[in-house]
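Visitor: I'd like a close look at one part of this protein, the strands in the middle of the sheet pairing and whatever sits around them. Could you walk me through that part slowly?

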Amino acid sequence: MREMVSRSGLAALALVLVAAPAQAEDDAKRAADPSWTNAAYAEKMLERQEPVVGKALEILKARASGQIAGDAVTVSGRFAGSGIFEESNIAGKFPILSRQPKQHSGFTGQTFVVNEGTVALTLPLGPWITLYNQVEYTDIEYPGQDKWQHRKAYVVIGDLKRSPFYAWIGRNTIDFGNFTSFSALTHNHSAHYFWAQPESVWNMAVGYAADGWHVVATAIHGGRGLRVLNSPDEDGIDNFALNASKAIHITDGITLTLGGGYLNSTIYDDTFSHHPPGTSSSQRIRNGAWDVNAMLSWRQLDVMFEFTKTERDWPVVEWPVSAFTAQARYHLDLLNHPTILSVMYSRGEQGASGNNWREMKQLVAGMEVKVNRHLALTAEYIRNEGFAPLVRIVQTSDPDVKSDTAVIGVKVTF
């Protein structure tokens with residue numbers, strides 16, 4: 001792995017950091033003078049690592065603070081790409097999460113991946129209504145999908161200056177769990193297993209945000225979603241989610257945030273694993289999931305834990321599905337550029353001891369450097385153990401797989 005990232009590459013990274021202008025613009029000044037773009041707002045809305053849920057609330061916060069204009073459209077964009085250098089002890093098996101590189105046939109592989117290609121529009125219609133629309137590009141699509149996908153389209157109703165209550169209607173990430181990943185590009189098993197994204201636009205949520213509380217109840221259209229959502233009824237509201245978090249300020253510089261959630265019906269409900277929708281057996285059961293999470297923030301240090309588990313056994317493997325994440329990050333300045341150092345461990349379990357598909361484990365050590373408010377450079381080392389794809393898991397799993405991966409990436413935001 002030492003040979004995967006050359007000394008010349010590291011030297012080039014250092015040169016960019018020294019030569020690039022410091023991130024001099026003040027966020028408060030930009031908030032007071034909004035324009036048709038705002039990189040800080042775009043980063044919150046388009047970032048897939050954090051926040052994963054609560055995007056509708058981020059819109060209302062941005063409007064309440066004046067970060068985005070209340071009488072004009074805001075255009076947001078994000079590109080994230082990475083070079084991936086992989087080694088595996090078993091040919092053709094590379095269990096890295098959060099991207100889908102072309103399947104390598106040997107013990108090593110190198111590829112470039114577009115992690116994110118996203119464009120979004122935020123359009124206020126008076127003080128109480130905001131329209132949000134987001135289109136994403138994917139490198140590898142499943143059968144029946146397009147390269148460009150209309151992932152989010154919803155209406156937010158609310159004004160935090162006047163009321164702590166709000167609502168949204170449409171296609172939006174469902175408020176269930178937290179699923180933050182401290183790593184710059186690689187997500188954890190908690191997000192990989194339980195991130196709830198709908199296909200239908202007929203979803204409705206009601207939320208409350210005040211005094212450190214954020215509580216959301218969502219009515220979800222039935223049928224198969226893009227990610228973990230599924231329910232027996234294809235024609236109406238046949239699923240729901242509840243999610244809540246509370247930020248507790250213990251003392252100056254120390255905040256503890258506790259959260260929990262429940263999702264009534266997931267894809268872990270059938271006698272075989274499949275993706276995308278369209279195939280199912282007559283033996284499906286309703287199988288919900290619950291989540292608990294906690295984050296402690298102390299000055300520049302954040303530490304977070306999350307655990308999520310299905311209510312019942314997944315019929316495919318006759319075992320509950322669960323995921324656990326423990327992670328930490330430290331904020332500092334590197335040559336006057338905001339920098340995050342992170343370490344993240346996660347584990348997914350879906351089988352009894354001795355099964356080939358019992359578990360997957362991942363350890364990520366990473367760094368992200370903000371060159372300026374539009375550009376970030378990233379580097380990660382990833383260790384994966386266990387190969388258990390959630391599609392055809394019984395047929396393809398291999399517990400002996402061990403892989404090492406280096407990822408060098410870039411994020412551009414406007």
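Guide: Here is a walk along a few paired strands, then the pocket beside them and some ring pairs.

Keep in mind that this is a predicted model. Let's start with strand E8, which covers residues 237-251. E8 pairs with E9 in the antiparallel sense, over 10 bridges. If you want a spot to put your finger on, take alanine 244, whose bridge partner in E9 is glycine 260. The two strands make a hairpin with two residues between them. In that turn you'll find glycine 253, with a positive phi of about 85 degrees.

Now step across to the other partner of E9. E9 and E10 also pair in the antiparallel sense, again over 10 bridges. Here a handy marker is leucine 263, which has alanine 289 of E10 as its bridge partner.

While we're on E10, have a look at methionine 295, which sits in that strand. Methionine 295 has a relative accessibility of 19%, so it counts as buried, the cut-off being under 20%. Leaving out residues up to four places away in sequence, methionine 295 touches Phe182, Thr255, Leu256, Thr257, Asp302, Val303, Met304 and Arg329. Glycine 259 is 36 residues from methionine 295 in sequence, yet the two C-alpha atoms are 8.8 Å apart in space.

These strands also turn up in the second largest pocket, which holds about 1,100 Å³ of space. The pocket is lined by 45 residues, and the closest to its centre are Lys44, Glu50, Pro51, Glu58 and Lys61. E8, E9 and E10 are among the elements that each supply at least two residues of the lining. Helices H2 (27-32), H3 (39-46) and H4 (55-65) do that too, as do strand E7 (213-221) and E11. E8 gives the most, with five residues.

Next, the rings. The structure holds 10 aromatic pairs. One of them joins phenylalanine 165 and tyrosine 208, a tilted pair at 5.0 Å centre to centre with 55 degrees between the planes. Phenylalanine 165 belongs to strand E5 (residues 165-171) and tyrosine 208 to strand E6 (residues 204-210), so this pair links parts of the chain 43 residues apart. Tyrosine 208 is partly exposed, at a relative accessible area of 25%.

Another pair brings us back to the loop after E9. Tyrosine 268 and tryptophan 314 are edge-to-face, 5.0 Å centre to centre and 75 degrees between the planes. Tyrosine 268 lies in the loop between E9 (254-263) and E10 (289-298), while tryptophan 314 lies in the loop between E11 (301-310) and E12 (322-334), so the pair ties together parts that are 46 residues apart in sequence. Both rings belong to buried residues: tyrosine 268 has a relative accessible area of 1%, and tryptophan 314 comes in at 2%. Ring pairs also bring in Tyr193 and Phe194, making a cluster with Tyr268 and Trp314.

One last stop, on another strand: asparagine 384, found in E15 (residues 375-387). Asparagine 384 counts as buried at 2% relative accessibility. Its side chain makes a polar contact with the side chain of glutamine 362, at 3.4 Å. Beyond its neighbours within four places in sequence, asparagine 384 is in contact with Pro95, Ile96, Lys361, Gln362, Val401, Lys402 and Ser403.

How values were computed:
Residues are numbered from 1 along each chain as its sequence is written. This is a predicted model: local features need pLDDT of at least 70, side-chain atom pairs count only at pLDDT 80 or more; totals for chains, interfaces and linings use all residues. Side-chain values use heavy atoms; hydrogens and water are left out. Rings of Phe, Tyr and Trp (its six-membered ring) pair if their centres lie within 6.5 Å; planes under 30 degrees apart count as stacked, over 60 as edge-to-face and the rest as tilted. Helices (H or I, at least four residues) and strands (E, at least two) are DSSP runs, numbered from the N terminus. Buried means under 20% relative accessible area, exposed over 50%, partly exposed in between (1.4 Å probe, protein chains only). A polar contact is a pair of N or O atoms within 3.5 Å; within protein, one must be able to donate a hydrogen and the other to accept it, and residues adjacent in sequence count only if both atoms are side-chain atoms. Contact means heavy atoms within 4.5 Å. Two strands pair if DSSP finds at least two bridges between them. On a 1 Å grid over the protein atoms alone, a cavity is a set of points where a 1.4 Å probe fits but cannot get out, and a pocket is an open set with protein on both sides within 12 Å along at least five of seven lines; lining residues have an atom within 4 Å of a point. Grid points are joined across faces, edges and corners, and a volume is the space filled by probe spheres set on the points.
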